[in-house]
Amino acid sequence: MVDTKVSSIVIGVLALQGAFIEHQAMLQRLSLRRHIVVVQVRTPEDLARCDGLIIPGGESTTMALLARKAGLIDPLCDFVRKKPVWGTCAGAILMSRAVINTKKGGQEVLGGMSLTIARNGWGSQIESFEAPLQVSDLRDEQIPFNGIFIRAPVILKLEQSPNSPPIHVIARLPHGIVPTLDYTTLEASIPSSDRLSPSRNAAGPDSDIVAIRQGRHLLTTFHPELTSDDRFHEYFVEKCVLQQVLAN
C-alpha cells in the first residue's frame with residue numbers, strides 16, 4: 001500500500017531564471033526505487049502538481065520579479081508553508097527570513113527558513129571558489145562533497161524560534177575558510193542591534209554554515225547541480241519530499 005502511494009514523486013524546479021536545467025538533469029539521472037517526474041514550474045498550475053520544489057541558483061532579485069509577474073509569489077508562499085522546498089544559492093536567499101546587501105528596492109522573499117543571509121556575501125564572480133564539504137546524513141557521508149560557490153550568499157545568523165522547526169546544520173566550510181565580507185557595503189543595511197564584529201575576517205559564528213535543514217526544507221548556499229554528484233538531490237527527494245508524502 002505504501003509503495004503504491006509513493007511509486008511516483010513530482011519534483012518541480014522553478015524555471016523562471018537561473019540553473020533550472022541543471023537541477024532537472026540531475027533529478028532525471030537519479031536511480032531510486034520511485035519514479036521521479038520533473039516539472040519546470042512557470043505558472044501556479046505547474047506548482048500545484050508538485051510534491052516538492054527546488055529554487056535554483058541565479059539572480060535572486062530577477063527571480064522574485066519574474067515570479068511576481070507570473071502570479072507565483074502568493075502560490076509559492078503557500079507552497080512553502082505546506083510542502084518541501086530546497087533553495088540553492090539564489091534560492092537560499094528567497095527562502096530566508098531576512099536579506100541584507102540587496103539591490104535598490106529590496107528583496108522579496110518567501111521566508112520559509114529562520115535565518116538572515118547576505119546576498120553576494122563572498123563578493124563578485126572572480127571570488128567564486130570550490131571547497132570539500134563534510135555533509136552529515138548524505139549517502140557515503142565520509143566522502144567529501146565538492147561545494148561550488150559562485151557569488152554565493154553568506155548565512156549571517158540563524159534565528160531559531162519556539163514556533164518553528166529545529167534548525168539542523170548539515171555542512172560547514174572547512175576550517176580556515178571564512179567569509180570576508182565588505183562591511184563598508186553591508187553595515188548600512190544591518191540594524192545596529194544586529195551588527196556583527198567590525199573585523200572583516202570574522203563575519204559571525206554562523207558564517208561558515210553552508211547547508212541547513214529546517215523541518216521539511218533544505219538550503220544550500222552553493223550549487224550541487226553543477227557537480228556530477230547526485231547525493232544532495234537524492235537527500236532532498238528521500239529525506240524531505242518522501243517523508244512529507246508518507247506523513248500525508
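**Salt bridges in the predicted model**

R119 counts as buried (under 20% relative accessible area with a 1.4 Å probe, protein chains only; exposed is over 50%, partly exposed in between), its relative accessibility being 7%. The model is predicted, so that local features need pLDDT of at least 70 and side-chain atom pairs pLDDT 80 or more, whereas totals for chains, interfaces and linings use all residues. Residues are numbered from 1 along each chain as its sequence is written, and side-chain values use heavy atoms, without hydrogens and water.

The protein chain contains eight helices and 12 strands (DSSP runs of H or I, at least four residues, and of E, at least two, numbered from the N terminus), and 50% of its 248 residues are buried.

The structure holds 11 salt bridges (a side-chain nitrogen of Lys or Arg within 4 Å of a carboxyl oxygen of Asp or Glu). In one of these, E59 pairs with R119, with 2.5 Å between the closest N and O atoms; because E59 lies in the loop between β3 (52-55) and α4 (60-69) and R119 in the loop between β6 (113-118) and β7 (129-133), the pair ties together parts that are 60 residues apart in sequence. E59 is also buried, at 14% relative accessible area.

A further salt bridge joins the side chains of E108 and R68 at an N to O distance of 2.2 Å; since E108 occupies the loop between β5 (96-100) and β6 while R68 belongs to helix α4, the parts tied together are 40 residues apart in sequence. E108 is partly exposed, with a relative accessible area of 31%, and R68 is likewise partly exposed, at 43%.
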